[in-house]
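Colleague: Got a minute to go through this one with me? I'd like to hear the reasoning behind the labels, not just the labels.

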Amino acid sequence: MKPTRIIFWMGFIVLAFSIVAVIHLISIGCGLRAMECVLQDIYLFHFLYTLLSCQLLLLLSRQRKYGQLLGFIYLGILVLRFFFFVLAFKDIIFNENEVLQVSPVHFLIPVFLGLFCEVYLLLRLLKKIEVKK
């Protein structure tokens with residue numbers, strides 16, 4: 001994969017997360033003030049994890065022996081995502097006494113945005129590997 005492709009995908013992820021996060025945070029009233037809304041931390045976590053996982057998929061797609069295993073590698077990345085998310089945000093997830101500023105449904109938007117970016121990249125990489133055969 002060319003370095004320009006890596007830069008393109010990283011730019012795509014940055015742009016997608018930036019636009020969706022700003023629109024989402026403003027629409028629910030959190031605004032862009034730091035440390036006021038827990039969603040900002042959740043967006044940051046999913047943004048960084050998506051960047052790292054996409055870079056890993058791009059690098060592994062270059063190697064012939066990992067090309068056919070990208071789908072299984074992605075499943076491992078997905079399990080690790082949820083494991084690290086629960087570790088990082090266990091106070092928010094399991095604390096029933098704390099009143100959250102937003103509905104728990106709002107936590108799914110950054111998750112699905114990250115999953116969309118990763119799956120779209122994975123599909124493109126697997127199609128490219130299939131064409132090379």
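**Labels and the values behind them**

Modeller: Let's start with Trp9, which counts as buried because its relative accessibility is 5%, and buried means under 20%. Bear in mind that this is a predicted model.

Colleague: What makes Tyr120 partly exposed?

Modeller: Tyr120 has a relative accessibility of 34%. The partly exposed class runs between 20% and 50%, so Tyr120 counts as partly exposed.

Colleague: And why is the pair of Trp9 and Tyr120 called tilted?

Modeller: The search of the whole structure turns up 11 aromatic pairs. In the one formed by Trp9 and Tyr120, the ring centres are 5.7 Å apart and the planes make 55°. A pair needs centres within 6.5 Å, and planes under 30 degrees would be stacked, over 60 edge-to-face. An angle of 55° falls in neither class, so the pair is tilted. The pair also links distant parts of the chain: Trp9 sits in helix α1 (residues 3-27) and Tyr120 in helix α6, 111 residues apart.

Colleague: What about Phe85 and Phe89, how do you know that they are a tilted pair?

Modeller: Same check. Phe85 and Phe89 are 5.0 Å centre to centre, with 40° between the planes. The centres are within 6.5 Å and the angle is neither under 30 nor over 60 degrees, so tilted it is. As for burial, Phe85 has a relative accessible area of 13% and is buried, and Phe89, at 10%, is buried too. Both rings belong to a cluster that ring pairs build from Phe45, Tyr49, Phe83, Phe84, Phe85 and Phe89.

Colleague: Okay, on to the helices. What is the overall pattern along the sequence?

Modeller: It reads α-α-α-α-α-α, with six helices and zero strands. Of the 133 residues, 38% count as buried.

Colleague: Why are α4 and α6 called roughly antiparallel?

Modeller: Helix α4 (residues 70-88) and helix α6 (residues 108-132) have axes that come within 11 Å and cross at roughly 165°. Angles over 145 count as roughly antiparallel, so α4 and α6 get that label. Their crossing is right-handed.

Colleague: Which residues of α4 touch α6?

Modeller: On the α4 side, Leu70, Gly71, Tyr74, Leu78, Arg81 and Phe82. Among their partners in α6 are Val111, Leu115, Val119, Leu122 and Ile129. By class, the contact of α4 with α6 has 11 nonpolar, two polar and two charged residues.

Colleague: Gly71 is in that list. Is Gly71 buried or partly exposed?

Modeller: Gly71, in helix α4, has 27% relative accessibility. The buried class stops under 20% and exposed starts over 50%, so Gly71 counts as partly exposed. Its C-alpha lies 9.4 Å from that of Val119, 48 residues away in sequence.

Colleague: How do you know that α2 and α4 are roughly antiparallel?

Modeller: Helix α2 (residues 38-62) packs on α4 at an angle of about 160°, with the axes 11 Å apart. That is over the 145 cut-off, so α2 and α4 are roughly antiparallel. The crossing is right-handed. The α2 side includes Phe45, Tyr49, Leu56 and Leu60, and the α4 side includes Ile73, Ile77, Leu80 and Phe84. The count by class is 13 nonpolar, four polar and one charged.

Colleague: And what makes α2 and α6 roughly parallel?

Modeller: The angle between α2 and α6 is about 10°, with axes 9 Å apart. Angles under 35 degrees count as roughly parallel, so these two qualify. Contact residues include Tyr43, Cys54 and Leu58 of α2, and Ile109, Pro110, Cys117 and Leu121 of α6. By class, that contact has 13 nonpolar, five polar and one charged residues.

Colleague: Last one: why is Gln40 called buried?

Modeller: Gln40, in helix α2, has a relative accessible area of 19%. The cut-off is under 20%, so Gln40 is buried. The C-alpha atoms of Gln40 and Ala21 are 7.9 Å apart, with their positions 19 residues apart along the chain.

Colleague: How much of the contact set joins residues at least 24 apart?

Modeller: Among contacts between residues at least 6 apart in sequence, 76% do.

Definitions and conventions. Residues numbered from 1 in each chain as written. Predicted model: local features only at pLDDT ≥ 70, side-chain atom pairs only at ≥ 80, totals over all residues. Heavy atoms only, no water. Axes fitted to C-alpha atoms, helices over the stretch in contact; angles between N-to-C directions. Helix = DSSP H or I, 4+ residues; strand = E, 2+ residues; numbered from the N terminus. Parallel < 35°, antiparallel > 145°, perpendicular 65-115°, else oblique. Left-handed = near helix turned anticlockwise from the far one by under 90°. Contact = heavy atoms within 4.5 Å. Nonpolar A, V, L, I, M, F, W, Y, C, P; charged D, E, K, R; others polar. Buried < 20%, exposed > 50% of the residue type's maximum accessible area, 1.4 Å probe, protein only. Phe/Tyr/Trp six-rings, centres within 6.5 Å; stacked < 30°, edge-to-face > 60°.
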